[in-house]
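Please look through the model shown here before reading on. The paragraphs below go from the overall fold to a pocket and then to single residues.

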Amino acid sequence: MKKWLKCVLSFGMLLLAFCIALSYHFSYERSLVLCAVIFSFVGDLLLMNFLDIQRILPYPQNFVLGMISFAFAHILYILSFSLRIKDML
């Protein structure tokens with residue numbers, strides 16, 4: 001798949017998450033999910049070497065930063081959904 005198409009799809013998910021958070025008045029859980037999607041978007045950009053980021057950050061650094069970004073995103077997803085489950089019980 002082309003880099004620009006991956007970027008457009010990733011940005012589309014970011015835009016969708018923003019619209020959902022906005023339509024539900026940015027509840028705490030939705031704000032956490034929006035932050036997680038932002039971290040995922042940044043991770044996507046780093047891992048797919050969008051705009052030739054490897055010229056600034058050589059291979060190991062951009063890969064490590066991309067994986068750290070995805071790790072933060074997953075931590076935020078876990079926190080958001082655990083708060084949601086706690087409210088349901």
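In this predicted model, the protein chain holds 3 helices and 0 strands. Read from the N terminus, the order of elements is therefore simply α-α-α, with helices counted as DSSP runs of at least four residues. Helix 1 covers residues 3-23, helix 2 covers 28-47 and helix 3 covers 59-88.

Along the principal axes, the C-alpha atoms of the protein chain occupy a box of roughly 50 × 25 × 20 Å. The chain has 89 residues, and 27% of them count as buried. Its exposed surface comes to about 6400 Å², of which carbon and sulfur atoms supply 77%. Contacts give another view of the fold: among those between residues at least 6 apart in sequence, 62% join residues at least 24 apart. As for charge, the protein chain carries 7 positive and 4 negative charges, and the mean positions of these two groups lie 7 Å apart.

Next comes the largest pocket. Which helices contribute to its lining? Helix 1, helix 2 and helix 3 each supply at least two residues of that lining. The volume of this pocket is about 170 Å³. Its lining consists of Ala17, Ile20, Ala21, Ser27, Glu29, Arg30, Val33, Ser80, Phe81 and Arg84. The charged side chains Glu29, Arg30 and Arg84 are thus among the lining residues, under the convention that Arg counts as positive and Glu as negative.

Two single residues can be compared in terms of their surroundings. Is serine 10 buried or exposed? This residue is found in helix 1. Serine 10 counts as buried because its relative accessibility is 5%, and the cut-off for buried is under 20%. Setting aside neighbours within four places in sequence, serine 10 is in contact with Phe41 and Asp44. Contact here means heavy atoms within 4.5 Å.

Tyrosine 28 belongs to helix 2. Its relative accessibility is 53%, so tyrosine 28 counts as exposed; the cut-off for that class is over 50%. The position of tyrosine 28 can also be set against that of alanine 71, which is 43 residues away along the chain. Between the C-alpha atoms of tyrosine 28 and alanine 71 the separation is 20 Å.

Note on methods:
Residues are numbered from 1 along each chain as its sequence is written. This is a predicted model: local features need pLDDT of at least 70, side-chain atom pairs count only at pLDDT 80 or more; totals for chains, interfaces and linings use all residues. Side-chain values use heavy atoms; hydrogens and water are left out. Buried means under 20% relative accessible area, exposed over 50%, partly exposed in between (1.4 Å probe, protein chains only). Accessible areas come from the Shrake-Rupley method with a 1.4 Å probe; for residues, only the protein chains shown count as cover. The place of a charge is taken as NZ of Lys, CZ of Arg, CG of Asp or CD of Glu. On a 1 Å grid over the protein atoms alone, a cavity is a set of points where a 1.4 Å probe fits but cannot get out, and a pocket is an open set with protein on both sides within 12 Å along at least five of seven lines; lining residues have an atom within 4 Å of a point. Grid points are joined across faces, edges and corners, and a volume is the space filled by probe spheres set on the points.
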